[in-house]
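I opened my notebook with a fresh model on the screen. Here is what I looked up, entry by entry.

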Amino acid sequence: MSAKFSPGDTVRVRVGTPPTHFRTPSYIQGKVGNVAAVHGQFRNPESLAHGGDGLPKQFLYLVRFDQTEIWKAYAASPKDTLLIDIYEHWLEPA
């Protein structure tokens with residue numbers, strides 16, 4: 001299995017509130033960023049948190065967001081960014 005996204009790809013974080021444990025903060029959902037790195041495949045923590053085996057493994061990405069994309073009233077430097085790790089099943093092409 002190969003990664004769906006590559007460094008430089010523009011992605012959007014999907015919006016959702018599954019009834020189980022999930023690892024994607026609500027403030028980042030629906031936001032657009034760029035893949036900075038692909039960390040590799042890891043067991044899915046959303047499954048592991050409920051006693052599952054975490055399989056199939058999910059690709060984990062480092063995604064860069066402009067702070068002004070996340071916080072519309074952001075008053076500091078427009079060059080500021082936020083880097084956050086997000087699993088592939090939370091990302092879609094933008």
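**Entry 1: a charged pair**

Is glutamate 69 buried, partly exposed or exposed? I checked with the caution that this is a predicted model. Glutamate 69 came out partly exposed, at a relative accessible area of 24%. I then looked at what its side chain meets, and found a salt bridge with lysine 72, 4.0 Å from N to O. Lysine 72 is exposed, and its relative accessible area is 65%. I also asked for the total, and the count comes to 1 salt bridge.

**Entry 2: the start of helix H2**

My next stop was glutamine 67, which sits in helix H2. Why does glutamine 67 count as buried? Its relative accessibility is 13%, and the cut-off for buried is under 20%, so glutamine 67 qualifies. I listed its contacts, leaving out residues up to four places away in sequence, and got Tyr74, Asp80, Thr81 and Leu82.

**Entry 3: the loop after H2**

I moved on to serine 77, in the loop between helix H2 (67-70) and strand S4 (81-87). Serine 77 is partly exposed, with 32% relative accessible area. I also took a distance from here: the C-alpha atoms of serine 77 and glutamate 46 are separated by 34 Å, and the two residues are 31 places apart along the chain.

**Entry 4: the sheet**

In what order do the strands of the open sheet lie? I read it as S4-S3-S2-S1-S5, 5 strands with antiparallel pairing. S4 and strand S5 (91-93) are the edge strands, each pairing on one side only. I noted the twist too: neighbouring strands are turned by 45 degrees against each other on average, direction ignored.

**Entry 5: strand by strand**

I went through the pairings one at a time. Strand S1 (residues 10-13) runs antiparallel to strand S2 (residues 32-42), and 3 bridges hold this pairing. Within it, threonine 10 faces asparagine 34 of S2, and valine 11 has glycine 33 as its bridge partner.

How many bridges join S2 to strand S3 (residues 58-66)? I found 7, again in the antiparallel sense. Asparagine 34 turned up once more, this time opposite arginine 64 in S3. Further along this pairing, valine 38 stands opposite tyrosine 61.

S3 and S4 are likewise antiparallel and share 7 bridges. As an example I wrote down leucine 62, whose bridge partner in S4 is aspartate 85.

A reminder to myself while stepping along these strands: side chains in a regular strand alternate between the two faces of the sheet.

**Entry 6: the nonpolar core**

Which residues have the most contacts inside the largest nonpolar core? My list reads Val13, Tyr61, Val63, Phe65, Ile86 and Leu91, from a core of 14 residues. S1, S3 and S4 each supply at least two residues of it. The largest share, 4 residues, comes from S3.

I finished with tyrosine 61, which had already appeared opposite valine 38. Setting aside neighbours within four places in sequence, I found tyrosine 61 in contact with residues including Ala3, Lys4 and Phe5. Its contacts also include Val35, Ala37, Val38 and His39. Ile84, Asp85, Ile86, Glu88 and Leu91 are on the list as well. Two of those names, Ile86 and Leu91, are also among the core residues with the most contacts.

Conventions:
Residues are numbered from 1 along each chain as its sequence is written. This is a predicted model: local features need pLDDT of at least 70, side-chain atom pairs count only at pLDDT 80 or more; totals for chains, interfaces and linings use all residues. Side-chain values use heavy atoms; hydrogens and water are left out. Buried means under 20% relative accessible area, exposed over 50%, partly exposed in between (1.4 Å probe, protein chains only). Two strands pair if DSSP finds at least two bridges between them. Contact means heavy atoms within 4.5 Å. Axes are lines fitted to C-alpha atoms, for helices over the stretch in contact, and angles run from 0 to 180 degrees between N-to-C directions. A nonpolar core is a set of buried Ala, Val, Leu, Ile, Met, Phe, Trp, Tyr and Cys residues joined through side-chain atoms within 4.5 Å.
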